[in-house]
Amino acid sequence: MNLFNIGKIIIIGYVIFISCDKIKPVVSSTNQISFTEVTKYAGLSDFRHITGAAGDKWFPESMGSGGGFIDYNGDSWPDILLVSGGVWPEKNKSVIPALYLYRNNRDGTFMDVTASTGLADLHTYGFGITVADYDNDDDQDFFFTTIWQNHLFRNDGGSFVDVTAKSGLGKDSLWSTSAIFFDADLDGWADIYVGSYVDWSPENDIWCTLDGITKNYCTPELFNGVPSRFYHNNGNGTFTDQTEQAGFLPAPGKMLGAAELDFNNDGWPDLAVASDTQRDLLYVNNGNGTFDEIGAISGMAYDENGRAKAGMGIDVGVVDGSKKETIFVGNFSKEMISVFRHQSDVFFEDRSALSKIGRPSLMTLTFGLFLFDAELDGDLDLFTANGHVQIGIEQTQDGIYYREPSHLFLNDGSGHFTDIVPIIGGALSKTIVGRGAAYADYDKNGTVDILVTENGGPAHLYRNDNHLNNFLRINVKSINGTRDGLGTKLVGIINNMSMERRVKTGSSFMSHSETTVTFGLGNAEKLDSLYIYWPDGTKEIFHNINGGQEINIMEGQGRLAVQ
Amino acid sequence: MINKQLVVASLCLSFIFSSCQKKLEIDPGMAALIFQAESASRSGYYNAALTLSDSAITISPNVADIYFLRGRVFTKLARLEKAETSYLKVLQLDPNYQGAWFNIGTNSLRQDKLPAAISYYKKEQQTHPSAATMVQIGKVYADMGKVDSATFAYEKAIEIDTKNASAYMRLGHLYKDSGDITKAIKYTTSGVNLDPENLDYKYFMGSLLLLNGEPKASIPFFRSVTNKRAWHYWAHHNLGQAYFRIGSIAEGQHFMDKAKELQKGIQEVENWRNLANMNPDQFMLWVNLGNSLNNMGRMEEAKDAFLVALSLKPMNFSLQNNIANLCLMIGDTNQAIVRYEAILSMDPELVDIWLNLGVVYASSGQVTEARQAWEKGLEFDSNNQTLKGYLETLNQ
């Protein structure tokens, strides 16, 4: 294994050096932060996730499901795609649609278009979605994970065609969880890594209990993990299983989240994987689309005592002036959220406690988790959706609850965070059984809004009501990379402060957030400079971009197009 | 006849929290029974300890010490409800009995009944204020996520006893979890200085230094642990990480590989321990726990697990033999001899036990006894080549 791999970097133009301890264009205060639940107004309140529970407490019932944003009709307004769970054929003759798609009416409301888009006839037991333009035809397709066969849906002019069989992605029948599209070999076609969980079936179900009397949901220690799979995009609508060839075997399985990163800045996408009760994984790209797993050596696989945590959702971003990527992983109750910042070479430092996230997250069970700039002050904050898996947990464990409030950790710009939900209360303090979490600016007002799904419950749309700070939103189109620019790195400079963002799918838990990049400008009117590092290694630089707008940038054109 | 005062003094030494302030008029016969029960408990003969205490209760049912002993035995056997019943009986007989509320609190803590644990510890603190109890109160508050209350409790413990290493260490943990590594190191340093031989403390100090970006400084602390606890997965893992971070890749890899080897064993131990504690009457769970501990070289702990298993199946000679072997390996020759002889008193035809007994005698220089044991074994298996070989060696 090459621990100190240096890949290709083609730099056009010049390199600038910016030193700063903090990312902080402006000082914001928590009283600026407010989220309003708009689920009912938006027309989403009829949605319910169905666990299929019929009294047997089968393990999968406690785990789902995800959801997220997709622009299925290409109007640049984020639509919403929700996974509705499923029912067990053995237990229930009636069936439910596996997915619900809601079109954004551009007025804060949504309309159910599941049937008219060709999605109503799929019945399965679903978990997660991930969205990308896998066939580079300028529209958003999506991949859907289930407990049986997964599905690939191709977008054909705003309606979907199930191309699973033809694509080669439907051969396995395993319990899949989160999936991520990314261009592993930088050939311009989005490959896919599909997370697998455990070897569970009704036949090998195990009796688990909290009180010694009644059956409750099991945890994964009792089941064998199933390794995740990697499929290479052949560029012709088909995929080839290259799990072993690409270096993803052996693996412990029990995967629940995956995030793309490039910690060594070699221009090749790496992958961080959250595993439930197994070590978390870090796949470093060898510069040719194959990977070495270096989680244990890097120091990010285990907690400070070398223990594997119950990794759920995951995300990665640069959250301080170090310019180093930091990995965030949601974990079980009585386990801190993991925070690992890249240090040097292949090594990461454990900042779970130092980031001030550790202690406030200790009692909650975090599933969905993502970084976004909540108050548009230029740094990335952390949102987490929480909820336990054991109904009645409060009867056996003091201080632990089945329904839990969310966390919103605001970043002070130096990688130190404060959970403001207990301070501001409001919609995010409502206790839920949180699972999936995703973000998008659904009302296109520049602030980033939140979508959360519940296990056996509704979805929640939280509108971000912070309007005090300025923003700049950017969509990229790549020519030599995947059409939707997966793996593109954008660095915004404002007042000598640097903000780094990445165009990516995956992250969080079974969910998909928009790929539009948002820069919080604070009270500045414009972004001083924008550096775009395209997946093919080229770089473009733009200067003096006015805030308060959403722009499109196509690789190599050298110009911005205002939406 | 056993001197009554001697009995009470003996109990004072062995009980964690026996007040021993009351000089009860104890029947000498009962005093002897208590003495024997205490001795049996200490040697791991838990059934015998309970039987003897039963007899003592028959003679004199109102002596709190007997119930306190029973509470401790039941705790050893992971029968926490029975332990609590015993401790409550102690308190019924003597509401100020030192240690009773404390032990009930600790059993509640083991069962994750945190508010209950706090209330029991507070009762103990009202009657017998101590730093140890305040430390436990702080620990429960910390487990409940109540950082301020935990801090207060630990600081109070230090106020009561400035030499209480545990209180400093707990404060160190608390500050570490809160992200204040400077304070964590400060308090942990105090704890380590007060109890410099404590390997758990050294391990935590090493972890703090590693977390603080001081891998080189952390290495001696981890080394102390790995040198004395070859099974310590966590210290090996962190030692590997520390070496990696100072650029000693080969050494780092060595310890990471070692940690990986140990990891499976550690997981097995944790799994069996959880299962055994949840199902304390399942013989095989304790045996499996003992085996998994023994495989890792954690012999004292393995012996403890086997002793609980033995209390469930007292006539299991194989298990008795294993316990005796462990006693021998730990260096408790006398206990090993007692246990081998106890097995032989029940079944004198067990040749392997005669062989083992002879080995113990021989290794402790008791040549005559060793010879007798091996010759006795040959009476039952005259063709046993091992026995013959040992005797031949002895003759030479």
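Trainee: Which residues of α11(B) are buried?

Mentor: The buried residues of α11(B) are I181(B), A184(B), Y187(B), T188(B), G191(B) and V192(B), where buried means that 20 or more other C-beta atoms, placed from the backbone, lie within 10 Å of a residue's own, exposed means 12 or fewer, and partly exposed is in between. They cover an arc of only 140° around the axis, which puts them on the same side of α11(B); the arc is that of the directions from the helix axis to the C-beta atoms. The general idea is that an α-helix has 3.6 residues a turn, so residues three or four places apart point the same way. On the other side of α11(B), T182(B) and N193(B) are exposed, while the cover over the buried residues includes α10 (165-177) and α12 (199-211) of chain B.

Trainee: How should I read the numbering and the reliability of these coordinates?

Mentor: Residues are numbered from 1 along each chain as its sequence is written, with chains lettered from A and ligands numbered from 1 in the order in which they are written. This is a predicted model, in which local features need pLDDT of at least 70 and side-chain atom pairs count only at pLDDT 80 or more, whereas totals for chains, interfaces and linings use all residues. Here pLDDT is the predictor's confidence in each residue, from 0 to 100; chain B has a mean of 89, with 93% of its residues at 70 or more. The predictor gives the complex an ipTM of 0.81 and a pTM of 0.86.

Trainee: What span does helix α11 of chain B reach from its first C-alpha to its last?

Mentor: Helices (H or I, at least four residues) and strands (E, at least two) are DSSP runs, numbered from the N terminus, and the expected span of a helix is 1.5 Å times one less than its number of residues. Helix α11(B), residues 181-194, has 14 residues and reaches 20 Å, close to the 20 Å expected.

Trainee: Which strands stand at the edges of the open sheet in chain A?

Mentor: Two strands pair if DSSP finds at least two bridges between them, and the open sheet of four strands in chain A has the order β1-β30-β29-β28, with antiparallel pairing. β1 (35-37) and β28 (434-440) of chain A stand at the edges, each with a single partner strand, so one side of each is left without a neighbour in the sheet. The partner of β28(A) is β29(A), residues 449-454, with five antiparallel bridges between them, and A438(A) stands opposite L451(A).

Trainee: Are the faces of strand β2 of chain A covered or uncovered?

Mentor: In a regular strand the side chains alternate between the two faces of the sheet. In β2(A), residues 67-70, both faces are covered: G67(A) and F69(A) on one side and G68(A) and I70(A) on the other are all buried. Four bridges join β2(A) to the antiparallel strand β3(A), residues 79-83, where I80(A) stands opposite F69(A).

Trainee: What is unusual about the backbone in the loop before that strand?

Mentor: Between α1 (39-42) and β2 of chain A lies S65(A), and the peptide bond from G64(A) to S65(A) is cis, with omega near -5°. K57(A), in that loop between α1 and β2 of chain A, has a positive phi of about 55° although it is not a glycine. With 20 C-beta neighbours inside 10 Å, K57(A) counts as buried.

How values were computed: Two residues are in contact if their C-beta atoms, placed from the backbone, lie within 7 Å.
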